[in-house]
Amino acid sequence: MQRSLLEIIMDGQSGGEKSILASMKFAVLPIAKVFTMCFMGFLMASKHVNILPANGRKLLNGLVFSLLLPCLIFSQLGRAITLQKLVEWWFIPVNVILGTISGSLVGLIVASIVRPPYPYFKFTIIHIGIGNIGNIPLVLIAALCRDKSNPFGDSSKCSQDGNAYISFGQWVGAIVLYTYVFQMLAPPPGETFDGTEEEDLPTKNPVNNGAPEQVPLLTFEEPGTTRLESSKQGKLISQLWYLVEKLKLKQFFQPPIIASILAISIGTVPFLKHFILKDDAPLFFFTDSCLILGEAMIPCILLALGGNLVDGPGAGSKKLGFRTTAAIIFGRLVLVPPAGLGIVTMADKLGFIPKGDKLFKFILLLQHSMPTSVLSGAVANLRGCGKESAAVLFWVHIFAVFSMAGWIVLYLVILF
């Protein structure tokens, strides 16, 4: 039978106090690891070392999105997924989407009340609404399951199942990042976040002013029929390209999303899975290479994040202001988790969660309780507001040490 939080705290003889301290340890140690890797990036980007300058960090972010993250998703999701698990785990990606919606609504309310400085209204919504559903949960589950006294049983099974659940939700996070977050963090039209106009940027289709250098030296007259057919084909192609640009299809089919589609397609077909993804598969050398590259994703993105803090959090905080920064921290760490707890509780009552799998429910709750995603910081860096995002991530992760400990204690009490 489930016990209340008051009963656990008052029941000192049954080890309630030890359980609370253990839960706090599970929450604090993974965050300490994250800060350690960020500090390494800070040192590499400092003027005394200068191995990771601004251009290097931007290239590193591009490497993460184009290669390392797709490799991580393909290898982990492909090996974990089966057709049966695809049916059983359907609520994990739905939970990510619901968490994004509920978090964004909380962010919209907070931003409407706080009124952040121009042009950081959407920026505030994103940094409240988008949680870290991959990096920190993976480290947290590894630290939690490593302890033989963990409440979820066997250490190896706990780690294997936990990583599979988290990986299954990451492909949805990649879609959210490349569609919703990428669009929301766009600077005002024709401007940058520094307030300058983008006058010097080249246009995609430069206008032909009739300069002599741009006029072809030789022209060929074609028959009227050929000219008519070519004009029809050109008009059809231009309409197709207009449709692609209008629907933002090019941004949707990014490397992480393609990797997700491939992982699900191959992982759910037994023949293809045994041919590519299994340890004894003929093409396992490719999957093993993806596993090696995927393991580099977390340290690389954290190194880039730490490098963005080389000038200190104050550089980005000045533009946002104390009120906006504090509102983002409060909204993400205090207001979003209760909404997530309500979503998961309702889903459990409706039978959407596998019965008896407490680790499954714990992962769902973690997805709503994490600090702001470091990958959203990487997208912000590509969009030109990396310093502001790095400052927010810096303070959010500091206070997350305390908030995550409290939420994990509450979740363990509810589950056990």
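**Disulfide, salt bridges and helix H17**

Q: What makes Asp279 count as exposed?
A: In this predicted model, Asp279 has a relative accessible area of 55%. Exposed means over 50%, so Asp279 is exposed.

Q: How do you know that Asp279 forms a salt bridge with Arg79?
A: The closest N and O atoms of Asp279 and Arg79 are 3.0 Å apart. The cut-off for a salt bridge is 4 Å, so the pair qualifies. Asp279 lies in the loop between helix H12 (270–276) and helix H13 (284–295), and Arg79 lies in helix H3 (residues 54–80). With their positions 200 residues apart, the pair links distant parts of the chain.

Q: Why is Arg79 called partly exposed?
A: Its relative accessible area is 32%. Buried means under 20% and exposed over 50%, so Arg79 falls in between.

Q: How many salt bridges does a search of the whole structure find?
A: The search finds 3 salt bridges. One of them joins Lys157 and Asp161, with the closest N and O atoms 2.6 Å apart; this is within the 4 Å cut-off.

Q: What separates Lys157 and Asp161 in helix H8?
A: They are 4 residues apart in helix H8, so about one helical turn separates them. In an α-helix, residues three or four places apart point the same way, because there are 3.6 residues a turn. Asp161 is partly exposed, at 21% relative accessibility.

Q: What makes Asp348 and Lys361 a salt bridge?
A: The closest N and O atoms of Asp348 and Lys361 are 3.0 Å apart, and the limit is 4 Å. This pair also links distant parts of the chain: Asp348 is in helix H16 and Lys361 in helix H17, 13 residues apart.

Q: Are Lys361 and Asp348 buried or exposed?
A: Lys361 has a relative accessibility of 12%; buried means under 20%, so Lys361 is buried. Asp348, at 23%, is partly exposed.

Q: Why is H17 described as largely enclosed by the rest of the structure?
A: Of its 12 residues, 11 are buried, so the description holds. Among them are Leu359, Phe360, Gln367 and His368. The cover over the buried residues includes helix H4 (83–88), helix H5 (91–114), H7, H8, H16 and helix H19 (386–415).

Q: How do you know that the span of helix H17 agrees with the expected value?
A: At 1.5 Å a residue, its 12 residues should span 16 Å, and the end C-alpha atoms are 17 Å apart, which agrees. At the start of H17, a side-chain oxygen of Asp357 comes within 3.4 Å of the backbone nitrogen of Leu359.

Q: How do you know that Cys145 and Cys158 form a disulfide?
A: Their sulfur atoms are 1.9 Å apart. A disulfide requires the two sulfurs to be within 2.5 Å, so the pair qualifies. The structure holds 1 disulfide. Cys145 belongs to helix H7 (residues 135–146) and Cys158 to helix H8 (residues 155–184), 13 residues apart.

Q: Why is the disulfide of Cys145 and Cys158 called left-handed?
A: The torsion about the S-S bond is about -55 degrees, so the disulfide is left-handed. Cys145 is buried at 2% relative accessible area, and Cys158 is buried at 2% as well.

Q: Why is there no bond from the sulfur of Cys71 to Cys290?
A: The sulfur of Cys290 is the closest cysteine sulfur to that of Cys71, but at 4.1 Å it is too far for a bond. The cut-off is 2.5 Å. Cys71 is buried, with a relative accessible area of 7%.

Notes:
Residues numbered from 1 in each chain as written. Predicted model: local features only at pLDDT ≥ 70, side-chain atom pairs only at ≥ 80, totals over all residues. Heavy atoms only, no water. Helix = DSSP H or I, 4+ residues; strand = E, 2+ residues; numbered from the N terminus. Buried < 20%, exposed > 50% of the residue type's maximum accessible area, 1.4 Å probe, protein only. Expected span 1.5 Å × (residues − 1). Contact = heavy atoms within 4.5 Å. Polar contact = N/O pair within 3.5 Å; in protein donor to acceptor, adjacent residues only side chain to side chain. Salt bridge = Lys/Arg side-chain N within 4 Å of Asp/Glu carboxyl O.
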